[in-house]
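Colleague: I'd like a close look at one part of this model, then a walk outwards from there. Could you start with the domains of the first chain and take your time?

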There are 2 protein chains.
Amino acid sequence: MENTLFDFMSKYISLTEEEKNVLLSLDLFRSVKKGTILLKEGQRSKDSYFVLKGCIRTYYMIEGEEKTTAFFTELEPLTPHCVITKAPSEYFVSCLEDSILVVADSDTGAEMNSKFPKFDLMCRILSEELLAKQQLDFDEFKTSSPEQRYLNLLQKRPDLIQRVPQHQLASFLGIQPQSLSRLRARISEKK
Amino acid sequence: MENTLFDFMSKYISLTEEEKNVLLSLDLFRSVKKGTILLKEGQRSKDSYFVLKGCIRTYYMIEGEEKTTAFFTELEPLTPHCVITKAPSEYFVSCLEDSILVVADSDTGAEMNSKFPKFDLMCRILSEELLAKQQLDFDEFKTSSPEQRYLNLLQKRPDLIQRVPQHQLASFLGIQPQSLSRLRARISEKK
DNA sequence: TTCATTTCTTACCTTTAGTGAACGAGTTGG
DNA sequence: CCAACTCGTTCACTAAAGGTAAGAAATGAA
């Protein structure tokens with residue numbers, strides 16, 4: 001569990017034993033039950049998440065309907081928008097499966113960053129990577145039809161299709177649950 | 001021109017005269033003619049851009065068709081994906097209007113960042129802000145219909161609708177030019 | 001187990017987007 | 001000046017997505 005985190009970090013920076021111990025002393029690991037709501041709309045929070053095991057999702061409540069816009073699984077970090085803006089959250093974050101997370105307060109993060117400039121560097125590189133990756137995802141979304149987007153997902157993240165309820169996948173793909181159902185039927189007919 | 005850049009940077013960090021002079025000595029300002037292609041698909045590049053005046057766009061060439069996915073106008077920074085990955089570019093970057101840009105090589109950037117840790121901090125904050133903002137944009141895109149997306153754009157970026165050709169706006173909105181044309185006709189009928 | 005709730009699928013109809021073709025307006029280059 | 005091109009719009013047609021409703025299947029809790 002600790003090693004999963006350290007292995008991930010070592011892709012960006014090298015950690016001394018001392019630094020590892022400081023990290024461990026912060027006691028950031030959390031075991032979270034399926035269905036737990038980590039962040040509610042309107043709430044202010046300073047917590048960022050890093051998924052060691054399991055899956056969390058962000059969703060909006062629009063006209064009484066849940067609209068799921070993102071999933072975060074093993075080794076993926078999530079810093080909610082409200083942590084950056086220090087404003088009330090626009091969306092919910094909840095736990096899709098029993099999960100193990102690293103939960104870090106932005107104050108703790110800032111302290112670590114000033115104590116160990118290395119961490120600042122890691123955060124910068126990570127943000128830049130995530131930004132560039134998300135740009136590509138967005139581009140692909142814009143230039144594809146719903147059917148293509150589903151087929152892409154089937155290629156790139158087959159695990160998501162297995163572990164996530166269809167109606168949540170649907171809004172993630174930007175369509176209605178019924179449309180996803182139809183689309184799947186259409187695809188399996190073709191083959 | 002220099003002041004536009006310094007004003008922008010001062011939102012994140014405070015600059016000494018010495019730092020300003022080092023920046024100026026790098027001679028990063030470029031005047032670029034409309035239609036200039038700054039980056040081609042397949043090309044490797046280390047250049048990031050910051051728009052002081054004008055507008056640049058990113059687009060893909062898919063089956064002989066241009067698919068515009070993003071516009072960058074005054075005070076918006078663009079670090080192409082290929083600069084991060086050091087791989088050939090997936091897309092083109094071109095200049096939509098006669099523009100004034102800050103163009104910075106990532107080597108120069110790295111040098112500045114190690115000489116002035118402040119810059120590193122600024123880059124981190126900027127990346128985090130951009131990432132969070134882009135997440136919201138993506139979420140809004142996913143949860144809206146093409147018509148809603150157009151109306152949103154009309155609210156948030158009315159300037160874009162004026163300065164950008166319709167067919168480029170269309171792919172930016174994830175639809176065909178004909179659909180945008182229809183959609184606009186539909187909207188003006190309603191009123 | 002049973003009951004209730006959630007989730008997924010299907011069917012029918014409406015609305016909207018994709019496609020291919022055609023048109024006129026405006027530009028550019030010879 | 002005209003030919004070629006680009007751009008935005010419109011049309012007719014096709015394909016797909018949205019909305020509503022009903023029912024089957026799966027899940028969870030008592």
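Modeller: Sure. Keep in mind that this is a predicted model. The domain assignment splits chain A into domain 1, residues 2–130, and domain 2, residues 144–191. Taken over C-alpha atoms, the centres of domain 1 of chain A and domain 2 of chain A are separated by 27 Å. Where the two touch, domain 1 of chain A puts in eight residues and domain 2 of chain A puts in six. On the domain 1 side of that contact, strand β5 of chain A, residues 65–72, gives the most, with four residues. Sorted by class, that same domain 1 side has three nonpolar, two polar and three charged residues.

Now for a sheet in chain A. Four strands make an open sheet in the order β1-β8-β3-β6, with antiparallel pairing. The edges are β1 (29–32) and β6 (77–78) of chain A; each has a single partner strand, so one side of each has no neighbour in the sheet. Look at the β6(A) end: strand β3 of chain A, residues 47–53, is joined to β6(A) by two bridges, and the two run antiparallel. If you want a pair to click on, A:Phe50 stands opposite A:Pro77 in β6(A). Helix α4 of chain A, residues 106–115, lies across β3 and β8 (99–105) of chain A, and runs at about 70° to β8(A).

While you're there, find A:Gly42, which is in the loop between β2 (37–39) and β3 of chain A. Is A:Gly42 buried or exposed? A:Gly42 counts as exposed, because it has 12 C-beta neighbours inside 10 Å, and the cut-off for exposed is 12 or fewer. Even so, A:Gly42 has partners from elsewhere in the chain: leaving aside neighbours within four places in sequence, A:Gly42 is in contact with A:Pro88 and A:Ser89. A:Phe92 is another one to look up, since it sits 50 residues from A:Gly42 in sequence and 8.8 Å away in space, C-alpha to C-alpha.Next, the meeting of the two chains. Chain B gives 28 residues to the contact, and chain A gives 28 residues. On the chain B side, β4 (56–62), β5 (65–72), α3 (81–85) and α5 (117–142) each supply at least two residues. The largest share of that side comes from α5(B), with 17 residues. By class, the side of chain B that touches chain A has 11 nonpolar, nine polar and eight charged residues. Two of the contributing strands are also partners: β4(B) and β5(B) pair in the antiparallel sense over seven bridges. Among the paired residues is B:Tyr60, whose bridge partner in β5(B) is B:Lys67. The two strands form a hairpin with two residues between them, and B:Glu63 in the turn has a positive phi of about 50°.

Finally, the DNA. DNA strand C is surrounded by 18 residues, and the closest are A:Pro165, A:Gln166, A:Ser181, B:Pro146 and B:Ser179. Both chains show up in the elements that give two or more residues to this surface: α8 (166–172) and α9 (177–190) from chain A, and α6 (146–156) and α9 (177–190) from chain B. The largest share, six residues, comes from α9(A). By class, the surface near DNA strand C has six nonpolar, eight polar and four charged residues.

Note on methods
Residues numbered from 1 in each chain as written. Chains lettered and ligands numbered in written order. Predicted model: local features only at pLDDT ≥ 70, side-chain atom pairs only at ≥ 80, totals over all residues. Near = placed C-beta within 6 Å. Nonpolar A, V, L, I, M, F, W, Y, C, P; charged D, E, K, R; others polar. Domains from an automatic or database assignment. Contact = placed C-beta atoms within 7 Å. Pairing = 2+ DSSP bridges. Axes fitted to C-alpha atoms, helices over the stretch in contact; angles between N-to-C directions. Buried ≥ 20, exposed ≤ 12 C-beta atoms within 10 Å, placed from the backbone.
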